[in-house]
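Dear colleague,

Please find below the structure that I am handing over to you. My notes on one of its sheets follow.

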Amino acid sequence: PKKRAGTDTAGKSQVVSPLLEYSLPTKVADGVVAFTACALNETGDAATVADQLNRVHVLSLKNDGQYHTLAGANGLIVSVYFDGGRDAVYACEMDGTVLRWALDDPAHPKKVGKVDERVYVLNTARNGQQVLCGTERGRVLAIDVESGTTTTLIEGGQPISALGLSTSENKLIVGYWGGKLSTVQLG
């Protein structure tokens with residue numbers, strides 16, 4: 001058989017130690033017993049986490065103690081995304097409602113749109129003008145942030161668990177449950 005490029009790590013175990021352990025600031029940690037969604041920003045210097053109290057926290061991972069707590073969601077948050085270039089946070093509630101917060105207005109999210117299925121992962125495209133939603137039914141939907149218009153970019157296949165965007169090449173990288181990856185040229 002032909003050997004494939006890459007390294008096979010299946011079946012190997014490694015002991016992993018955390019690089020940094022981070023706790024929520026005392027002011028916001030009261031009552032938090034579970035995180036319902038989390039994501040790193042593109043540069044890896046900020047984490048966005050949602051808690052069971054329907055809040056989203058943007059935490060600096062630079063060890064500088066900076067954070068933002070965003071409130072105003074009505075339902076349990078199942079996916080989050082922080083667009084650091086625009087200081088905007090996106091979250092999707094369990095019922096498919098997609099919200100957008102500006103960091104300078106942490107208590108008043110804007111409803112961007114609603115998706116009729118579970119959203120597992122979020123990202124942005126077109127300079128923040130669209131929020132991308134990867135769904136349980138194998139669809140990638142683009143919702144226009146201003147108008148709420150929804151466009152289907154990908155349809156069919158396994159549930160989508162990861163989205164990456166190359167803005168320089170205008171390509172979307174999609175990861176599916178079951179291990180399949182694909183790239184899509186955006187129009």
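Is strand 5 (residues 77-83) largely enclosed by the rest of the structure or not, and how many of its residues are buried? In this predicted model, seven of the seven residues of strand 5 are buried, so the strand is largely enclosed by the rest of the structure.

D83 belongs to this strand. With a relative accessible area of 3%, D83 is buried, because the cut-off for that term is under 20%. Apart from its neighbours within four places in sequence, D83 has contacts with A88, Y90, T124 and G128.

Strand 5 is part of an open sheet of four strands, in the order 5-6-7-8, with antiparallel pairing. Strand 5 and strand 8 (110-114) are the edge strands, each of which pairs on one side only. On average, and with direction ignored, neighbouring strands of this sheet are turned by 20° against each other.

The pairings within the sheet can be described in turn. Strand 5 runs antiparallel to strand 6 (residues 88-93), and six bridges join the two. Among the residues involved, I77 has E93 in strand 6 as its bridge partner. These two strands form a hairpin with four residues between them, and D87 in the turn has a positive phi of about 50°. Strand 6 is in turn joined by five bridges to strand 7 (residues 97-102), again in an antiparallel arrangement. Here A91 has L99 in strand 7 as its bridge partner. In general, strands of a sheet pair through backbone hydrogen bonds, either parallel or antiparallel.

With kind regards

Notes:
Residues numbered from 1 in each chain as written. Predicted model: local features only at pLDDT ≥ 70, side-chain atom pairs only at ≥ 80, totals over all residues. Heavy atoms only, no water. Buried < 20%, exposed > 50% of the residue type's maximum accessible area, 1.4 Å probe, protein only. Pairing = 2+ DSSP bridges. Axes fitted to C-alpha atoms, helices over the stretch in contact; angles between N-to-C directions. Contact = heavy atoms within 4.5 Å.
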